[in-house]
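The following exercises concern aromatic pairs, charges over rings, cysteines and burial. Please work through each task with the structure in view before reading its solution.

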Amino acid sequence: MQAILNWFRPASAISLKPTKEIQEAYPKYRWRILESTFLGYTTFYLLRNNFSPVSKEIGEALSYSRQDIGDILAVTAITYGLGKFIMGALSDRSNPRKFMTVGLILTAILNFSFGFTNHYWVHLVLWGLNGLVQGMGWPPCGRSLGHWYSVSERGKTFAFWNIAHNIGGGLVGVIASYSASYFGWQYAFFIPGVIALVGAAYLYFRLVDTPQSVGLPPIEEFNQDHPPEEAKNEDHEKELSTKELIIHNVLLNKYIWLFSIANFFVYIIRYSLIDWGPTYLKEVKGANLESGGISTLVLEFGGIGSTLLMGWISDKAGGRRGMVSLLCIIPIFFAFLGIIYNPPGNIMIDFILFGIIGLFIYPPVMLLGVAGLDFTSKKAVGTAAGFIGLFGALGRTVQGKGLGWLVDHYSWNEALAAIVIATLFAILLLSFTWRLKPRG
């Protein structure tokens, strides 16, 4: 066991390269980090959100009830939340190259296993385990970006990187739906599994750890933009203990709690349409399997341009991520009302409203995570991101189980009304973040 932990340890610092080499190598390595974490996390998405687009077909093939489907979604959300927090703390003390690679291999194995079985309880356990190892995706990405990009450029950098959510989330709807349509529901898990194995090999050879591990200085030294509290602290590059990571930087940090609770409601909004959107359109609005999958593509791709814009705006606004997030949530409230009152037969209007929600939900998804990083040490990036993500996953759990229950016992209208209420809670909580800026 100790040998395994030692294998995962962060890469050691090596002697600094000559100044000329540093100036030439730093931009290349920064792009390499951005590119590899972007593509790596996109691949993680293909193996996490591939259940929802084909859940109706799995239910019909295996006689699963809507509650059974809701339970699979709920257990996955719970384990994913726990995974993000646990794996976040581990990732802050690990080499992201090895950490992400192992995570992709494990999630591929679980996807293959899911496709090969037809038993409900086995599916429940496998998808729960998949949620746990999926937590090995985002935290090491946050650690890598936190070490290679400084606070003053995080908004635009994370905005670009966050498009990985949209591309992965959009492609998985199409890949899963069409794979199931042509070959059977099992291939919604087999094909992403093969892609993941290729992605794991790519990550292992492309991703690197900290700048110091390749002979470069810390990013703040290279950019000459140390935050004031770090400029006074000579130990800011020291790896933190587990107690320092979890207790000091997260559990005793009131800002992390505020962003986390707001993220709970943001994730209810986000995943309500990812988890249940295709099923809702099929059952209420007359969509077929392929168009149901396309709705996920519309939702995810809708956020690409706005995420880039809002990340840049948040940097220009002095890092007021909460303020920008609040301004994005308000139009989502009206888009949900539009979905509720749009009658069946107008599927293009639903697609437009899905696109509007995607346009405005992904900037807060990205910015709340970045805001948490702004208010903690870069050595605790994975832990803080995992904690905020844990609350997001709890929000997904509530909607995954709760919306299925509301539809079974009442109707889709009551389920959508619950999402509208969650949107109002998100607006209320984000109002308290209006003036918050990064530390220092």
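The model is predicted.

**Exercise 1.** Determine whether Trp185 is buried or exposed, and classify its ring pair with Phe114.

*Solution.* Begin with Trp185, whose relative accessible area is 9%. Buried means under 20%, so Trp185 is buried. Phe114 has a relative accessibility of 0% and therefore also counts as buried.

Turn next to the geometry. A pair of aromatic rings is described by the distance of the centres and the angle of the planes. Under the rule that centres lie within 6.5 Å, the count comes to 30 aromatic pairs. For Phe114 and Trp185, the centres are 6.4 Å apart and the planes stand at 85°. Planes over 60 degrees apart count as edge-to-face, so the pair Phe114 and Trp185 is edge-to-face.

Finally, locate the two partners. Phe114 belongs to helix H5 (residues 96-116), whereas Trp185 is in the loop between helix H9 (163-183) and helix H10 (187-206). The pair links distant parts of the chain, 71 residues apart. Both residues also join a cluster linked by ring pairs, together with Phe51, Trp127 and Phe189.

**Exercise 2.** Classify the aromatic pair of Phe264 and Phe265, and assess the burial of Phe264 and of Phe265.

*Solution.* The ring centres of Phe264 and Phe265 are separated by 4.9 Å, with 85° between the planes. This pair is edge-to-face. Phe264 has 19% relative accessibility and so counts as buried; Phe265, at 15%, counts as buried as well.

**Exercise 3.** Which ring does Arg48 lie over, and which ring lies under the charged end of Arg97?

*Solution.* Arg48 lies over the face of Tyr45, at 4.4 Å from the ring centre. For Arg97, the ring is that of Tyr204, and the charged end sits 4.3 Å from its centre.

**Exercise 4.** How many disulfides does a search of the whole structure find? Establish also the burial of Cys141 and of Cys328.

*Solution.* The search finds 0 disulfides. The relative accessible area of Cys141 is 0%, so Cys141 is buried. Cys328, with a relative accessible area of 1%, is therefore buried too.

**Exercise 5.** Describe where Thr210 is found and which residues Thr210 touches, not counting those up to four places away in sequence.

*Solution.* Thr210 is found in the loop between H10 and helix H11 (219-223). Its relative accessible area is 6%, so Thr210 is buried. With residues up to four places away in sequence left out, Thr210 touches Arg143, His147 and Trp148.

Definitions and conventions. Residues are numbered from 1 along each chain as its sequence is written. This is a predicted model: local features need pLDDT of at least 70, side-chain atom pairs count only at pLDDT 80 or more; totals for chains, interfaces and linings use all residues. Side-chain values use heavy atoms; hydrogens and water are left out. Rings of Phe, Tyr and Trp (its six-membered ring) pair if their centres lie within 6.5 Å; planes under 30 degrees apart count as stacked, over 60 as edge-to-face and the rest as tilted. Helices (H or I, at least four residues) and strands (E, at least two) are DSSP runs, numbered from the N terminus. Buried means under 20% relative accessible area, exposed over 50%, partly exposed in between (1.4 Å probe, protein chains only). A charge sits over a ring if NZ of Lys or CZ of Arg is within 6 Å of the ring centre and within 35 degrees of the ring normal. A disulfide is a pair of cysteine sulfur atoms within 2.5 Å. Contact means heavy atoms within 4.5 Å.
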